Amino acid sequence: MTTQTYAETLRLEINTALDAVSQFSADCPDRLREAIRYMLLAPGKRFRPILVLAAYDLCCRSSDNQDNHHQIPLRAACAVEMIHSYSLIHDDLPAMDNDDLRRGIPTCHRKFDEATAILAGDALQTSAFQEITGITPPELAVQCCRELACAAGVYGLVGGQMGDIIHEKKIDHAAPAIEILEKIHLRKTGSLIRTSLNLGGIIAIASAEQLSALSNFGYYFGLAFQITDDLLDVLGNEQTAGKRLRKDDAMDKWSYPRFLGVDGAKQAAAEAVANAGKALDIFEQDSKPLKLLREMIEQLPNRKK
Ligand code: GRG
């Protein structure tokens with residue numbers, strides 16, 4: 001199986017599982033279900049859930065060939081994608097970035113309305129944790145729940161988003177800009193990426209050395225992801241990216257190209273990619289998941305969306 005085929009297999013498993021977890025019973029209002037599924041099932045790259053499954057496969061000692069091999073890690077994979085989708089829906093709202101386009105389609109509040117989009121985001125967040133409670137044994141579920149809550153809350157996504165808003169409005173300029181920028185992005189973007197890798201490792205009962213390597217890889221992956229996202233905003237094509245670009249300058253946002261220039265940001269991304277690669281050196285080098293993780297990080301500087 002090539003790395004490409006392996007990645008496609010994981011993506012298919014993830015999309016099937018996301019479809020299943022967002023059916024909900026008849027008690028869920030139809031409009032809410034529709035709004036949730038509209039953004040959750042829209043064509044995202046599925047980076048984070050793929051990282052969960054690849055990290056799991058990398059550290060898992062049981063046989064690869066069981067039919068239900070991914071039954072438990074798929075719950076965590078769905079949960080991170082649900083948290084990610086909620087954050088995109090809320091980030092696009094008029095009170096935040098006020099965007100019209102996401103994943104190549106109208107944003108959730110444009111397609112439905114603001115109240116529905118807020119509620120769809122809220123429901124995605126709570127459903128993510130409900131999904132985690134299905135992980136067995138229960139002690140593992142508790143560990144995963146804590147890991148995800150830390151990444152999503154005040155120390156992660158939400159805290160990072162608040163930091164971004166504060167600095168966008170230039171309230172606090174005391175510390176060196178690049179350090180603040182890194183801190184914001186490690187929370188806003190990096191935390192969920194790192195947690196995706198951690199969750200895969202935790203569920204696979206990885207060793208302390210493996211968990212530390214995954215976490216290091218996640219740190220640099222998050223950094224490279226954010227720098228290349230900022231570069232995409234400057235250099236990318238809106239149609240291919242499926243979202244509005246040239247936002248950072250227009251909204252006076254802090255970004256890597258703004259502080260380092262385009263070439264400096266490309267250099268910083270290359271350094272993060274190299275450091276991420278080194279973090280993986282402790283693993284067996286010719287396994288499928290290892291090759292996929294290396295490919296994902298090496299492709300980041302070429303991303304078009
Ligand atoms: C509203 C709590 C809250 C947080 C918002 C998601 C987010 C935090 C901000 C989005 C703005 C942004 C451009 C963040 C940088 C990185 C990022 C999260 C990009 C989008 O993720 P992709 O590229 O998207 O993985 P797809 O659609 O492929 O899943």
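**Figure 1. Y38 and F112, a buried aromatic pair.** In this predicted model, both Y38 and F112 are buried. Their rings meet edge-to-face, with 5.6 Å from centre to centre and 80° between the planes. Y38 belongs to helix α2 (residues 30-40), while F112 sits in the loop between α5 (108-111) and α6 (114-132), so this pair ties together parts that lie 74 residues apart in sequence.

**Figure 2. Y219 and Y220, an aromatic pair of sequence neighbours.** Here we turn to Y219 and Y220, whose rings also form an edge-to-face pair. The centres are 4.9 Å apart, and the angle between the planes is 90°. Y219 is partly exposed, at a relative accessible area of 22%, and Y220 is likewise partly exposed, at 23%.

**Figure 3. A cluster of phenylalanine rings.** Four residues share this view: F47, F217, F221 and F225, linked into a cluster by ring pairs. F47 can be placed at the start of helix α3 (47-59). Across the protein, the count of aromatic pairs comes to six.

**Figure 4. A cis peptide bond ahead of P137.** Look here for the bond that joins T136 to P137: this peptide bond is cis, and its omega is near -5°. P137 itself is found in the loop that runs between α6 and α7 (138-152).

**Figure 5. F24, a positive phi in the loop after α1.** Although F24 is not a glycine, its phi is positive, at about 55°. The residue lies in the loop between α1 (3-21) and α2. With a relative accessible area of 28%, F24 is partly exposed.

**Figure 6. R46, a positive phi at a buried position.** R46 is not a glycine either, yet its phi is positive at about 65°. You will find R46 in the loop between α2 and α3 (47-59). Its relative accessibility is 4%, so R46 counts as buried.

**Figure 7. Y155 in the loop between α7 and α8.** Y155 has its place in the loop between α7 and α8 (157-168). This tyrosine counts as exposed because its relative accessibility of 63% is over the 50% cut-off. Leaving aside residues up to four places away in sequence, Y155 touches C150 and R187. Y155 and L186 are 31 residues apart along the chain, and their C-alpha atoms are separated by 9.9 Å.

**Figure 8. The whole protein, as a setting for the close-ups.** The fold holds 14 helices and two strands. Its radius of gyration is 19 Å, which agrees with the value near 19 Å for a compact globule of 305 residues. Along the principal axes, the C-alpha atoms fill a box of roughly 50 × 50 × 35 Å. Buried residues account for 53% of the 305 in the protein. Among contacts with a separation of 6 or more, 73% come from residues 24 or more positions apart. The exposed area is about 13,900 Å², and carbon and sulfur atoms supply 53% of that area. As for charge, there are 34 positive and 41 negative side chains, and the centres of these two sets lie 2 Å apart.

How values were computed. Residues are numbered from 1 along each chain as its sequence is written. This is a predicted model: local features need pLDDT of at least 70, side-chain atom pairs count only at pLDDT 80 or more; totals for chains, interfaces and linings use all residues. Side-chain values use heavy atoms; hydrogens and water are left out. Helices (H or I, at least four residues) and strands (E, at least two) are DSSP runs, numbered from the N terminus. The radius of gyration is taken over C-alpha atoms; the globule rule is 2.2 Å times the number of residues to the power 0.38. Buried means under 20% relative accessible area, exposed over 50%, partly exposed in between (1.4 Å probe, protein chains only). Contact means heavy atoms within 4.5 Å. Accessible areas come from the Shrake-Rupley method with a 1.4 Å probe; for residues, only the protein chains shown count as cover. Lys and Arg count as positive and Asp and Glu as negative; His and the chain ends are not counted. The place of a charge is taken as NZ of Lys, CZ of Arg, CG of Asp or CD of Glu. Rings of Phe, Tyr and Trp (its six-membered ring) pair if their centres lie within 6.5 Å; planes under 30 degrees apart count as stacked, over 60 as edge-to-face and the rest as tilted.
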